[in-house]
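Work through the exercises below with the model open. Each task is followed by a stepwise solution.

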Amino acid sequence: MDRAVQGWVPELLLRGEQGANPCPEPGAALEAGAAADAKRGDDDSEQRMVRLARAIEQEIIPRLMLAHRLAHECPQVPAVDSELISLRDVEDFARLVLSRDEDLPLACVEAIRARGVSIERIYLDLLAPTARYLGHLWNEDLCDFTEVTVGLGRLQQVLRELSPAFGQSVEHPAQGRRVLLLPSPGEQHTFGLVMVAEFFRRAGWDVAGGAWECELDANELVSSEWFDVVGFSLGSETHLDALRDCIRSVRDRARNREVGIMVGGPMFIAHPEFVVSVGADALATDGRHAPILAEQLIAQRTQRC
């Protein structure tokens, strides 16, 4: 028997034998007599076997599966921070995200952190590629919309759990920099935008908008508040025209007449020529790159002035 289970069996058997019937008083057991014990012997033995089988089925086996599942299902990630997480790791992690156990992805990420992988690398090399891989599964009709939405929701849950530790160290003061991050008009899957916001906050930026602010009016925001940079995420070519119109309107109405416009998302990474066609200034390829790129846009604006 597995060592992890040896300690549970006596407790479970004792609990099963007692069941709903409390232990008898010491005197009651003595008064029962040898005849009554013999009469109950066969029934008690049968009941013990039933309770043992129930305990094994309902408690021991599930705990064994939980104890050993991570070792078999959690991707074999690098033990050192300098190595990259592989595509196979991403595919394995995507299966966990799509599984019925909503707690398994976070437990797996905690195991990965325990092996010395930084949160930044988990963000860039595991979570972000997993989100893109889920999009690929959807595009290839290997997963339906509901499954991908649930999977992205679990990735966002992992991101929220890691966020406090990720933001503990601010890299440098951003001198009051403000960025507005919004999904492109019509965009639904916005996990990448959540991650970009994490990197901007860690870099000291004041971040407005967000992945869940699809109803926010970009024109109203930029005309009433100052933003140094506005960022849009796009995952589908279907919404290119809507984004082009939105960017044109933002430039016309922004209080900051030199506002920088950056875009990101799998569609622009696959087709960087779309960056110019929608009227954006630059493409952020990942969350770590986004604040650096935003600072460059501001520097270019300063030089023009």
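**Exercise 1: A pair within one helix**

R248 is partly exposed, with a relative accessible area of 46%. This is a predicted model.

Task: Find which residue forms a salt bridge with R248, and where the two lie.

Solution:
- Step 1. The partner is D245; the closest N and O atoms are 3.1 Å apart.
- Step 2. Both residues sit in helix α10 (residues 240-253). They are three residues apart, about one turn of the helix.
- Step 3. D245 has a relative accessible area of 44%. Buried ends under 20% and exposed begins over 50%, so a value in between counts as partly exposed.

**Exercise 2: Pairs across the sequence**

Task: State which parts of the chain R288 and E120 tie together.

Solution:
- Step 1. R288 and E120 form a salt bridge, with the closest N and O atoms 3.0 Å apart.
- Step 2. R288 lies in the loop between β5 (282-283) and α13 (289-304), and E120 in helix α6, so the pair ties together parts 168 residues apart in sequence.
- Step 3. Compute the exposure of R288: its relative accessible area is 39%, partly exposed.

**Exercise 3: The largest nonpolar core**

Task: Identify which members touch the most other members of this core, and which element gives the most to the core.

Solution:
- Step 1. The core has 34 residues; F93, Y123, L127 and L155 touch the most other members.
- Step 2. Helix α6 gives the most, with 10 residues.
- Step 3. Check Y123: not counting residues up to four places away in sequence, its contacts include L159, L162, F166 and F199.
- Step 4. A second, separate core of 26 residues includes L180, A208, L221 and L240.

Note on methods
Residues numbered from 1 in each chain as written. Predicted model: local features only at pLDDT ≥ 70, side-chain atom pairs only at ≥ 80, totals over all residues. Heavy atoms only, no water. Core = buried A, V, L, I, M, F, W, Y, C linked by side-chain atoms within 4.5 Å. Buried < 20%, exposed > 50% of the residue type's maximum accessible area, 1.4 Å probe, protein only. Helix = DSSP H or I, 4+ residues; strand = E, 2+ residues; numbered from the N terminus. Contact = heavy atoms within 4.5 Å. Salt bridge = Lys/Arg side-chain N within 4 Å of Asp/Glu carboxyl O.
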